[in-house]
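Hi,

Here is the structure I promised to send over. Have a look at it first, and my notes follow underneath.

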Amino acid sequence: MKKVEIFTDGACSGNPGPGGWGTILRYGEHEKELSGGEKETTNNRMELTAAIEGLSCLKEPCQVTLYSDSKYLIDAIEKEWVYKWQANGWMRNKKEKAQNPDLWERFLKLLSKHKVELVWVKGHDGHIENERCDKLAVMQSVKFGGKQG
């Protein structure tokens with residue numbers, strides 16, 4: 001299996017509000033940057049979208065290390081919350097719906113294709129690739145009407 005690194009970040013100006021996401025894919029010495037955004041979204045949707053878009057670029061099953069500063073994304077997988085939400089019809093409990101089931105379904109499908117290790121990085125802490133993904137995400141957010149920084 002090819003070894004790929006994916007770095008991701010999402011941004012939102014207001015929550016909800018204009019948002020953006022940024023992703024860097026690295027395979028050996030090759031790098032590719034991706035970004036996009038939406039006019040009305042949430043930060044968690046942009047964090048998930050960044051990961052989905054990165055994994056969606058892979059043309060074959062890969063061994064992936066995916067870096068994110070989103071505790072929402074990392075904890076939902078590592079603490080297995082998302083699997084419980086899915087098993088309960090996308091309900092967090094008897095009264096509360098889980099957020100973003102459409103994106104979680106896509107993300108879980110991609111996780112099943114690849115061997116993915118999730119790594120949490122502290123945001124806005126000098127991690128070079130995370131800082132670059134943040135800039136990409138914020139630029140997209142601004143395109144959709146968000147505020148810079």
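Let me start with K71, whose contacts beyond four places in sequence are A76 and W120. Bear in mind throughout that this is a predicted model. K71 sits in helix α2 and counts as partly exposed, with a relative accessibility of 42%. Its C-alpha is 9.6 Å from that of N44, although 27 residues separate K71 and N44 in sequence.

The helix around K71 is worth a look too. Helix α2 runs over residues 71–78 and is mostly covered, with 6 of its 8 residues buried. Those buried residues are Y72, L73, I74, D75, A76 and I77, so A76, one of the two residues that K71 touches, belongs to the covered set. What lies over them? The cover includes three helices, α1 (43–56), α3 (81–87) and α4 (101–113), along with the strands β4 (62–68) and β5 (115–120). Just after α2, E80 has a positive phi of about 65°, so check the backbone there when you scroll past.Next comes T65, which is found in strand β4. Is T65 buried or exposed? It is buried, at 18% relative accessible area, where the cut-off for buried is under 20%. Leaving out neighbours within four places in sequence, T65 is in contact with V4, E5 and I6, and also with E117 and V119.

H114 is another residue I looked at. H114 lies in the loop between α4 and β5 and is buried, with a relative accessible area of 9%. Which residues does H114 touch, not counting those up to four places away in sequence? They are L55, L58, E60, P61, C62 and V64. H114 and M1 are 113 residues apart in sequence, yet their C-alpha atoms are 9.2 Å apart in space.

Then there is S13, in the loop that joins β1 (2–12) and β2 (17–27). A polar atom of the S13 side chain lies 3.0 Å from the backbone nitrogen of K147. Beyond four places in sequence, S13 touches K147 along with P18, S141 and G146.

Now for the protein as a whole. The secondary structure comes to 5 helices and 5 strands, and their order along the sequence is β-β-β-α-β-α-α-α-β-α. The radius of gyration is 15 Å, close to the 15 Å that the globule rule gives for 149 residues, so the protein is as compact as a globular protein of that length. The C-alpha trace spans about 45 × 40 × 25 Å along its principal axes.

Of the 149 residues, 46% are buried. Among contacts between residues at least 6 apart in sequence, 65% join residues at least 24 apart. As for the surface, the protein exposes about 8,400 Å², with carbon and sulfur atoms supplying 49% of that area. The protein has 23 positive and 22 negative charges, and the mean positions of the two sets are 5 Å apart.

That's it from me for now.

Cheers

Terms used: Residues are numbered from 1 along each chain as its sequence is written. This is a predicted model: local features need pLDDT of at least 70, side-chain atom pairs count only at pLDDT 80 or more; totals for chains, interfaces and linings use all residues. Side-chain values use heavy atoms; hydrogens and water are left out. Buried means under 20% relative accessible area, exposed over 50%, partly exposed in between (1.4 Å probe, protein chains only). Helices (H or I, at least four residues) and strands (E, at least two) are DSSP runs, numbered from the N terminus. Contact means heavy atoms within 4.5 Å. A polar contact is a pair of N or O atoms within 3.5 Å; within protein, one must be able to donate a hydrogen and the other to accept it, and residues adjacent in sequence count only if both atoms are side-chain atoms. The radius of gyration is taken over C-alpha atoms; the globule rule is 2.2 Å times the number of residues to the power 0.38. Accessible areas come from the Shrake-Rupley method with a 1.4 Å probe; for residues, only the protein chains shown count as cover. Lys and Arg count as positive and Asp and Glu as negative; His and the chain ends are not counted. The place of a charge is taken as NZ of Lys, CZ of Arg, CG of Asp or CD of Glu.
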